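Grab a coffee and open your viewer. Here are some exercises with worked solutions to try on one structure.

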Amino acid sequence: MRLWLSAILLIGILASCQERQKNVYTIGFSQCTGDDEWRRSMLNGMRRELSFYPNARLIYKDAKANSRKQIEQIKALMSEGVDLLIISPNESDPVTPIVEEAYKQGIPVVIVDRRTSSAYYTAYVGGDNYEVGKVAGLYIARLLKGKGKVIEIAGLPTSSPASARHKGLTDAFAAYPNLKLVKTVNGGWEKPIAKKALEQQLQQHSDVDLVFAQNEVMALGAYEVFKERGWGKKVKIVGVDGLPGPLGDIQMVYDGIIDASALYPTGGEEAIRVAMNILRKEHFQKENLLQTAIIDSTNVRMIKLQTDKIIDHQNAIERQQKRIDDQINIYANQSNLLYLMTALFVAAILFGTVALYSSFENKKINKELKIKNEQILLQRNQIQEIAEKAQEATETKFRFFTNISHEFRTPLTLILGPLEDLLQVKNQTNSIRKNLILIQKNAQRLLWLVNQLMDFRKIESGKIQLRVTENDMVAFLRELMLPFEYMAVKRKIDFRMLTNLRTARVWFDTDMMDKVMFNLLSNAFKFTSDGGRIYIYVELHSDELVIKVEDNGTGMTVYEKEQAFEMFYQGADSTKGTGLGLPLSREFIELHQGSINVTSQKGEGAVFEIKLRLGDSHLREEDKAGETVNWSRTYPHFVTEAPDSDLFAAPKDTALLPTILLIEDNQDLREFLQLKLKSEFTIIDADEGNQGLAEAFNTVPDLILCDVMLPGMDGLKIASILKADLRTSHIPIVLLTAKSSIEQQIAGMQSGVDLYITKPFSPGFLLESIRSLLANREILRGYFIGDESNEERSALTMSNLDKKFLSNLKAVVLSKLSDSSLSVDSLAVELGLSRVQLFRKVKALLGYSINEYIQSMRLNKARHLLERSDESMSEIAYQAGFASATYFSTAFKSKYQLSPKDYRSKCKA
């Protein structure tokens, strides 16, 4: 009996051990340091997530911020035979070799938070420190309404998170000129250091509006500094981390200790999920970038409730798990005891009773654990349901825009069809033909954009179909280059194809490849300066054809390069486009089973490389067109025929015409406005903001016509600068813009402009507005040269700066009018300007030279004296500042067509 019972127990225990050993995973976690709350939160997050995987265990190693120690710990974990390594590097370069060694030995490696210096790892999980800084900066701008002073408490200057967060903050502030980062101090990631540094800065910057701390302990230190000073909530505090729990900054936001915190996820839960997907050979992403968000008074209560509830659930799960572990230990001890007392029947009965009791307790605990897990699963399902509804709303929007796009095609067809007929009509004037070409080009541009949106929706819905045929790629590219030749010659761009292949037979969809190459060439011309180069390389590499489009244009930053193929993304330097071109190009190439990528550095141009496989074995039979497909192109406006050379010729006699500076980056609109205005004005044009500002100072035009959205510098900034400068403050400025809301119009008028016209506008209204502004300027000139009878002067509007200048000028001249030695030099000294500046200013405002202005004021005074006094001609000449009565008589007769004596006689007759 005892032998039989012992055998049964032994078999049961061995079976239990085998079952427990089945699919048990060991994960080794090497943490750079575990001394701060954020990294402890990362570890807790891992442990929370591991509670959902009872067949996995975690071995934790703390390197105490010592790279050498971390390397030794990783080696130890490898020798222990872990199934997977999770590593948060202390320093990138020292740890990289051991990570590569583990990876090459076949051990999956998940890098967390900080990257290594190579790509030899299985997956990466971490937040984007630059994005954290930028989101915080944009929130601060909104919080302070774009105006105020900010002190930043950064971490260690040598740490990459500190520098990246600082860069994101300053980039966000760049859009707000009245938002000043007055100082960035080193807080060393620790509260005492941060408090001391902040105290020193407050002695110099006591009027600071907000403190931005790069982690929660430094934010708490800032709060304590202000509390000790008795400032209360005088200064706002924004932190970073978004940690839950009673000591986290979610609680601090909830308690009002700080105003907001930028969430910087630890990535603990995500790292375990990625690790388990790798171990179970399920799908996973190599790059897992965590998103950030702002936690403030508007959402902190909900977030705190959720995090507190999750922590409570986790604590309950951990308590239940501890009870399970305790019961398992009890069970193991009793099993060992049973082995020692198998000879005793009573002991066997006792063991059975205990075993049954333990089983009952385990079932009870497992039931409770199941209920908790179901609650968590319910919450996840609710979140997923919300996400699905958001996706459904997005799809509804896309369907709407797709339907609108379809509706656009019919009227566009009805526009383009008759236009082609009209362009065939002979004996048209150059003006009419140019307008027809302008309409055609912009209608084609709209059709191009509509087709892009429709292609995007076809790809999204999986309804786009390849129609590949075998074609000569070299000939195809040469034909595609033809529409760009005129642009290349006009802008002196070295544009050519470099290849040693006469032909290159490849299977491809001609329509899709046409769109891909056209988009790449369009971008190359857009971002390449005049006099640059654009080369197309065609090369044959074993079993694939390689096409490269290379330019020496503005290039891309690392972030822009990573986002280049993302839908709707536009670079910081791009003021045009839809963000669809490159993503569509990638989708088209991947449909061909090919690849497209970009290499670029900021300021050094870009190279887009396309690889297409040779032959047709990689293509499906249904993708083949079966016959040659002809394609047609509808190009955007900038690659069409050259304009007629005589269409925009300046008027023959422009010496006496008013000068208008036209600042507009759209070539078609610029040429259209030149055509409409050239008969009455001399036109100077600029296609970029900085160039337009320089032209304004160089030429001092009579009026400036300027777009708001411009590359380089926008129109509002240009207007503010010109209106604040004494040399140009008198120039009327008309802004043209598509921004038509009341708030945007108010912002335009606040910049000092004279007129704000929204697109689309009436050319006739624009012309009459310009005439009216210049006519008012003439009335103004008449008033300030002494024609005080002019009744229209009360309706004049001009800048306070110009009013003050002209009033001062008139007062100085009148006070010294009897001084015959009054000169331009003495006036310049009185008014605080140079001789040249005074001459240009008076000439631009009044249309007179300064000497002519003085002469006019003297003659005006003499006229009044002749009308109201009986003094001699010599005395009147002296009082008006004339050196001799003869010169006075000559000058007076020249202006009034009467001698002074005859004029007096006529007045008293």
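The exercises below go from the whole chain to a sheet, its helices, some aromatic rings and a loop. Keep in mind that this is a predicted model.

**Exercise 1. Get an overview of the chain.**
Work out how many helices and strands there are in the chain, and what share of the residues is buried.

Solution.
- Step 1: count the elements. The chain has 29 helices and 24 strands.
- Step 2: look at burial. Of 909 residues, 46% count as buried.
- Step 3: check the contacts with a sequence separation of 6 or more. Residues 24 or more positions apart make up 70% of those contacts.

**Exercise 2. Trace the open sheet.**
Find the order of the six strands in the open sheet and say which strands sit at the edges.

Solution.
- Step 1: follow the pairing from strand to strand. The order reads 2-1-3-4-5-11, with parallel pairing.
- Step 2: look for strands that pair on one side only. Those are strand 2 (56-62) and strand 11 (287-290), the edge strands.
- Step 3: get the twist. From one strand to the next, it averages 15°.

**Exercise 3. Zoom in on strand 5.**
Identify the neighbours that strand 5 pairs with, and decide whether its two faces are covered or open.

Solution.
- Step 1: take the strand 4 side. Strand 4 and strand 5 run parallel and are joined by three bridges. Here I111 stands opposite Y124 of strand 5.
- Step 2: take the strand 11 side. Strand 5 (residues 123-127) pairs with strand 11 in the parallel sense, over four bridges. V125 has N288 as its bridge partner in strand 11, and G127 has L290.
- Step 3: sort the residues by face. In a regular strand, side chains alternate between the two faces of the sheet. In strand 5, A123, V125 and G127 are on one side, with Y124 and G126 on the other.
- Step 4: check burial. Five of the five residues of strand 5 are buried, so both faces are covered.

**Exercise 4. Place the helices.**
Work out which strands helix 3 and helix 4 touch or lie across, and at what angles they run.

Solution.
- Step 1: start with helix 3 (residues 67-79). This helix lies across strand 1 (25-31), strand 2 and strand 3 (84-88), and runs at about 175° to strand 1.
- Step 2: move on to helix 4 (residues 92-104). Helix 4 packs on the sheet and touches strand 3 and strand 4 (109-112), with about 150° between its direction and that of strand 4.

Now take helix 2 and compare its span with the expected one, then find out how much of the helix is buried.

- Step 1: helix 2 (residues 37-50) has 14 residues and reaches 20 Å from its first C-alpha to its last. That is close to the 20 Å expected at 1.5 Å a residue.
- Step 2: 10 of the 14 residues of helix 2 are buried. Among them are W38, M42, L43 and M46, along with R39, R48 and E49.

**Exercise 5. Classify two ring pairs.**
Decide whether F484 and F495 are stacked, tilted or edge-to-face, then do likewise for F892 and Y896.

Solution.
- Step 1: know what to look for. A pair of aromatic rings is described by the distance of the centres and the angle of the planes. The whole structure has 17 aromatic pairs.
- Step 2: take F484 and F495. Their ring centres are 6.3 Å apart and their planes lie at 65°; that angle is over 60, so the pair is edge-to-face.
- Step 3: place both rings. F484 belongs to helix 14 (residues 473-490) and F495 to strand 14 (residues 494-498), so the pair ties together parts 11 residues apart in sequence. F484 is buried at 0% relative accessibility, and F495 is buried at 8%.
- Step 4: take F892 and Y896. With 4.7 Å centre to centre and 40° between the planes, this pair is tilted. Both residues lie in helix 28 (residues 885-896), four residues apart, about one turn of the helix.
- Step 5: widen the view. Ring pairs link F882, F888, F892, Y896 and Y903 into a cluster.

**Exercise 6. Check a loop residue.**
Is P177 buried or exposed?

Solution.
- Step 1: locate P177 in the loop between helix 6 (160-173) and strand 7 (179-186).
- Step 2: compare with the cut-off. P177 has 53% relative accessibility, which is over 50%, so P177 counts as exposed.
- Step 3: look at G146. P177 and G146 are 31 residues apart in sequence and 8.0 Å apart in space, C-alpha to C-alpha.

Definitions and conventions: Residues numbered from 1 in each chain as written. Predicted model: local features only at pLDDT ≥ 70, side-chain atom pairs only at ≥ 80, totals over all residues. Heavy atoms only, no water. Pairing = 2+ DSSP bridges. Axes fitted to C-alpha atoms, helices over the stretch in contact; angles between N-to-C directions. Contact = heavy atoms within 4.5 Å. Expected span 1.5 Å × (residues − 1). Buried < 20%, exposed > 50% of the residue type's maximum accessible area, 1.4 Å probe, protein only. Phe/Tyr/Trp six-rings, centres within 6.5 Å; stacked < 30°, edge-to-face > 60°.
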